[in-house]
Amino acid sequence: MNEGSGHSGESGATAAKPRKTRIPGVVSIDVERCKGCGFCVSFCPLGVLRMSTKFNAKGYHYPEVADGDKCSGCGLCGMYCPDFAIFGARNSGVIGSGASPKASDAE
Ligand code: SF4
Ligand code: SF4
């Protein structure tokens with residue numbers, strides 16, 4: 001009964017390492033443009049994408065992000081997509097989740 005729930009320490013230099021907040025790349029998918037060819041999944045060098053089991057309105061399976069933290073933003077998925085349905089980009093800093101650092105926070 002050895003349940004390894006803790007992390008086996010490597011000379012405990014890091015006490016509380018924050019979760020990675022800066023991801024090198026970001027990918028966005030327009031599922032309704034997709035025709036399900038699967039090129040993006042095949043050509044992504046880092047295995048970020050997989051085909052969904054769901055269908056879009058046209059009846060095609062579309063890609064979904066399987067492991068977004070791995071995305072390098074290389075853009076290959078978008079280069080191979082014949083329908084301009086997917087785009088990858090390098091993330092130069094903050095991932096946009098509604099936070100705009102320069103916006104005045106007056107409510
Ligand atoms: S390459 Fe484009 S059309 Fe083909 S599965 Fe990917 S997103 Fe859809
Ligand atoms: S940008 Fe590159 S690493 Fe990211 S999903 Fe597209 S092909 Fe994969």
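These legends accompany close-up views of a predicted model.

**Figure 1. The whole chain, as a starting point for the close-ups.** Two helices and four strands make up the secondary structure of the chain. If you trace the sequence from its start, these elements come in the pattern β-α-β-β-α-β. The chain has 107 residues, and 16% of them count as buried. Among contacts between residues at least 6 apart in sequence, 60% join residues at least 24 apart.

**Figure 2. The surroundings of ligand 1.** Here you can look at the shell of 14 residues that surround ligand 1. The closest of them are C34, C37, C40, C81 and A85. Two elements, α1 (39-43) and β3 (61-65), each supply at least two residues of this shell. By residue class, the shell around ligand 1 holds ten nonpolar, two polar and two charged residues.

**Figure 3. The surroundings of ligand 2.** Ligand 2 is surrounded by 14 residues, with C44, C71, C74, C77 and G88 as the closest. The elements giving two or more residues to this shell are β1 (25-29) and α2 (76-80). Nine residues of the shell around ligand 2 are nonpolar and five are polar, while none is charged.

**Figure 4. The largest nonpolar core.** This view turns to the largest nonpolar core, a set of 14 residues. Within this core, V27, C40, C77 and I86 have the most contacts. As helpful background, nonpolar side chains in soluble globular proteins tend to be buried together. Two of the core residues can also be found in the ligand views: C40 is among the closest residues to ligand 1, and C77 is among the closest to ligand 2.

**Figure 5. A closer look at C77.** Which residues is C77 in contact with, leaving aside its neighbours within four places in sequence? They are V27, C40, F43, C44, L49, I86 and G88. Of these partners, V27, C40 and I86 are listed with C77 as having the most contacts inside the largest nonpolar core. C44 and G88, for their part, are among the closest residues to ligand 2.

**Figure 6. P24 and its partners from elsewhere in the chain.** P24 sits in the segment before β1. Is P24 buried, exposed or partly exposed? P24 counts as partly exposed because it has 15 C-beta neighbours inside 10 Å, whereas 20 or more would make a residue buried and 12 or fewer exposed. Setting aside neighbours within four places in sequence, P24 is in contact with C71, S72, G73, R90 and N91. For one of these, G73, the C-alpha atom is separated from that of P24 by 6.3 Å, although the two residues are 49 residues apart along the chain.

Technical notes. Residues are numbered from 1 along each chain as its sequence is written. Chains are lettered from A and ligands numbered from 1 in the order in which they are written. This is a predicted model: local features need pLDDT of at least 70, side-chain atom pairs count only at pLDDT 80 or more; totals for chains, interfaces and linings use all residues. A residue is near a molecule or strand if its C-beta atom, placed from the backbone, lies within 6 Å of it. Ala, Val, Leu, Ile, Met, Phe, Trp, Tyr, Cys and Pro count as nonpolar, Asp, Glu, Lys and Arg as charged, and the others, Gly among them, as polar. Two residues are in contact if their C-beta atoms, placed from the backbone, lie within 7 Å. A nonpolar core is a set of buried Ala, Val, Leu, Ile, Met, Phe, Trp, Tyr and Cys residues joined through C-beta atoms within 7 Å.
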